[in-house]
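Work through the exercises below with the model open beside you. Try each task before reading its solution.

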Amino acid sequence: MTSFARRARASAGRMHPELSLVSYTLLGHLEESGGCRATDLAAHYALDKSTVSRQVSALERAGLVERRQDPQDHRVQVLDLTEAGRHILAQVTESRRAAFRERLADWPADDLERFARYLLRYNAWPAVGSEED
């Protein structure tokens, strides 16, 4: 798992100097959620608000994230991807998928199916700090 995380960090960093694994993860969540508050990001990933704030600031400086007013509550700022953010996220995602395809290309189908089942099982485990704990 450590090797996997190192590779993911390196892959993200090669695509954009501001894109750490945490940043990549936050961008992915913003894309999936259609935007959210920084406090929602912190809660979702069980991160300190200051950690998320630093990451978001770096993503804003890089032009990958922007703040907008929440249409339901004008007092709240919502984070969303910019077009550049969407583009870099798509690039990094495709690069990671290509690397996975290359690494798994010569695996027998039975091994791939078993590996996929193990990943599903692993990912189904409740996250630390989730309501299921």
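The exercises go from the whole chain to helix pairs and then to single residues. The model is a predicted one.

**Exercise 1. The chain as a whole**

Task: State how many helices and strands the chain has, and in what order its elements run.

Solution:
- Count the elements. There are six helices and two strands.
- Read from the N terminus. The order is α-α-α-α-β-β-α-α.
- Turn to burial. Of the 133 residues in the chain, 27% are buried.
- Take the surface next. About 9300 Å² is exposed, and carbon and sulfur atoms supply 52% of that area.
- Finish with contact range. Among contacts with a separation of 6 or more, 47% join residues 24 or more positions apart.

**Exercise 2. H3 against H4**

Task: Classify the packing of H3 on H4 by angle and by handedness.

Solution:
- Locate the helices. H3 covers residues 38–45 and H4 covers residues 49–61.
- Take the geometry. The angle is about 120 degrees, and the axes lie 9 Å apart.
- Apply the class. Roughly perpendicular ends at 115 degrees and roughly antiparallel begins over 145, so H3 is oblique to H4.
- Add the hand. H3 passes H4 in a right-handed crossing.
- List the residues. H3 brings Ala 38, Thr 39, Leu 41 and Ala 42; H4 brings Lys 49, Val 52 and Val 56.
- Sort them by class. The H3 contact with H4 has five nonpolar residues, one polar and one charged.

**Exercise 3. H2 against H5**

Task: Repeat the analysis for H2 (residues 21–33) and H5 (residues 83–104).

Solution:
- Start with the axes. Those of H2 and H5 come within 10 Å and cross at roughly 110 degrees.
- Apply the class. The range 65 to 115 degrees counts as roughly perpendicular, so H2 is roughly perpendicular to H5.
- Add the hand. The crossing of H2 and H5 is left-handed.
- List the residues. From H2 come Tyr 24, Leu 27, Gly 28 and Glu 31; from H5 come Ile 88, Leu 89, Val 92, Thr 93 and Arg 96.
- Sort them. The contact of H2 with H5 has five nonpolar, two polar and two charged residues.

**Exercise 4. His 29 and Ala 46**

Task: Decide whether His 29 is buried or exposed, then do likewise for Ala 46.

Solution:
- Place His 29. It sits in helix H2.
- Check its area. The relative value is 14%, under the 20% limit, so His 29 is buried.
- Find its partners. Beyond four places in sequence, His 29 contacts Cys 36, Leu 41, His 44 and Tyr 45.
- Link back to Exercise 2. Leu 41 also belongs to the H3 residues that meet H4.
- Place Ala 46. It lies in the loop between H3 and H4.
- Check its area. At 51% relative accessible area, over the 50% limit, Ala 46 is exposed.
- Look at its backbone. Ala 46 has a phi near 55 degrees, a positive value in a residue other than glycine.

**Exercise 5. Two partly exposed residues**

Task: Explain why Gln 69 and Leu 112 share the class partly exposed.

Solution:
- Recall the limits. Partly exposed falls between the 20% and 50% cut-offs.
- Test Gln 69. Its relative accessibility is 46%, so it counts as partly exposed.
- Test Leu 112. Its relative accessible area is 31%, so it is partly exposed.
- Place Gln 69. It is in strand E1 (residues 65–69).
- Find its partners. Excluding residues up to four places away, Gln 69 touches His 74 and Val 76.
- Add a distance. The C-alpha atoms of Gln 69 and Leu 79, ten residues apart along the chain, are separated by 8.8 Å.
- Place Leu 112. It is in helix H6 (residues 109–124).
- Find its partners. With the same exclusion, Leu 112 touches Leu 104 and Trp 107.

Notes. Residues numbered from 1 in each chain as written. Predicted model: local features only at pLDDT ≥ 70, side-chain atom pairs only at ≥ 80, totals over all residues. Heavy atoms only, no water. Axes fitted to C-alpha atoms, helices over the stretch in contact; angles between N-to-C directions. Helix = DSSP H or I, 4+ residues; strand = E, 2+ residues; numbered from the N terminus. Parallel < 35°, antiparallel > 145°, perpendicular 65-115°, else oblique. Left-handed = near helix turned anticlockwise from the far one by under 90°. Contact = heavy atoms within 4.5 Å. Nonpolar A, V, L, I, M, F, W, Y, C, P; charged D, E, K, R; others polar. Buried < 20%, exposed > 50% of the residue type's maximum accessible area, 1.4 Å probe, protein only. Areas by Shrake-Rupley, 256 points an atom, 1.4 Å probe, with all protein chains shown as cover.
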